Amino acid sequence: MLALRETMERAEGYAFTALCSTNFLVACLLFATVSREQREPYMDEIFHVPQAQKYCEGSFHEWDPMITTLPGLYLLSVGLIKPLVLAVGWTGRAVCSTAMLRFVNLLFNCGNLYVLSLIVGRLHPKDKTRSASRRVLSALALSTFPVLYFFTFLYYTDAGSTFFSLFAYLMSLYGSHKIAALLGACAILFRQTNIIWVAFCAGSVVASKMDEAWRTERSKKKDEKSLSQVSLSVSGAGKVLRFSVDYLMTPCNTKAVLLVIWPYVAVAVGFLGFVVVNGGIVVGDRTSHEACLNFPQLFYFLAFTLIFSAPVSVSYGRIVSFLHSVRKKPFRYLFVTFTCLLLVWKFTFVHKYLLADNRHYPFYVWKKIFQRHELVPYLLVPGYVFAAWNFAETLKWKSLFWNLAFLVCLTAATVPQKLIEFRYFIMPYLMYRLHVPLPSVFRLLLELGFYTAVNAATLYIFINRTFQWPNSSDVQRFMW
């Protein structure tokens, strides 16, 4: 039996290695096509590429004020490219060319696939011996998540930001909190908002300890029904709130928590110091990145999540269950719907970029759907309610403590953003999708096929469906 298990593990290792190699080969072919058609920097690359090239030349004191993120991508690019070109003997413009810089993200794509596979295996240990194909397919599908995959072929911060954020979460799952905090700091150097996912790593640890304390307390009271994970319900929230206050107000519990999460606290303190010295989170141009309470952003994310997770989270039975829930508790859903309508009415903000830049898909989503009629944003609210219910229903196997931590981080990652930008949804979506109960092979194949079709369509449109603005001779392309 042991020999059979070892043979299966070796076979799984060989299969995954072959999968990684194939994934990298396909990405290289697509990368060559994109770079051949779009040789010059495009969109945000016009800021990122010259800045990285300055670092390649050793001009670390020069900074483009239009760049709003920290220099993690440029520093790592130089750290990877310089030793390579010295070994090969390359000189001149090829050293840090646009194509060479873009290639760095292909490495991150491979890294994301590997890290995702490890996270899936860690989060779903019960399926470890009997569902190798499901775990591999799940990791492959997530690594080809369309919004993330598209920016693999351009010199953007998304691939590296996602890699370090996921790597930090993986290390926190293994209990290596010092390494996780260090990786979280690296993620912040790619994008400042990744401080949210550092906080999520800490929040997950606190949630785990509170789960343990809850089970211990209920065990002493011989409350067998409460030995399972805390249910995600309104009635459960009241009990949990009282328990949380009592737990965190106990000095020994507070000390035990701080002894574990102090590396994350150290990163948070350092980040707070940066914010104070910098005068805000954004570096460079702050006029286009002003924070606001854009609560409908959370609704847009839920709708976005519903669409992209539909192959693994939506079914006929799930829809019937939602309708039964509405019928049983109509006043609760009326209250939720009314609250959503109020938030849409009072807190909808429209960024100037959303209305002006017709190269991005959100421009057309807003123009073709939201601006079709003034009532459309309100008519979409029932869809948001179903998306929120489906979101919560999918994660109900996680404890309420964990769900509360995730909800806080999700809100912090979406609501303050004024601009509707699908790239901002990458990390929240991946964190949600990673915690979806491991789907069947059939559903995973549907998801992978769906993502592949979307990727093929978006890359085809980017490469072949070019256009020009009336006052410019430059070629424009559609993108996420």
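Q: What makes the span of helix α2 (residues 45-56) agree with its 12 residues?
A: The expected span is 1.5 Å times one less than the number of residues. For the 12 residues of α2 that gives 16 Å, and its end C-alpha atoms are 16 Å apart, so the two agree. Helices here are DSSP runs (H or I, at least four residues), numbered from the N terminus. This is a predicted model: local features need pLDDT of at least 70, side-chain atom pairs count only at pLDDT 80 or more, and totals for chains, interfaces and linings use all residues. Residues are numbered from 1 along each chain as its sequence is written, and side-chain values use heavy atoms, with hydrogens and water left out.

Q: Which residues of α2 are buried, and how do you know on which side of α2 they lie?
A: Glu45, His48, Val49, Gln51, Ala52, Tyr55 and Cys56 are buried. They cover an arc of only 165° around the axis (directions from the helix axis to the C-beta atoms), which puts them on the same side of α2.

Q: Why is His124 called buried, and Leu241 exposed?
A: Buried means under 20% relative accessible area, exposed over 50%, partly exposed in between (1.4 Å probe, protein chains only). His124 has 6%, so His124 is buried. Leu241 has 57%, so Leu241 is exposed.

Q: What makes the pair of His124 and Leu434 a polar contact?
A: A polar atom of the His124 side chain lies 3.2 Å from the backbone oxygen of Leu434. The cut-off for a pair of N or O atoms is within 3.5 Å; within protein, one must be able to donate a hydrogen and the other to accept it.

Definitions and conventions
Helices (H or I, at least four residues) and strands (E, at least two) are DSSP runs, numbered from the N terminus.
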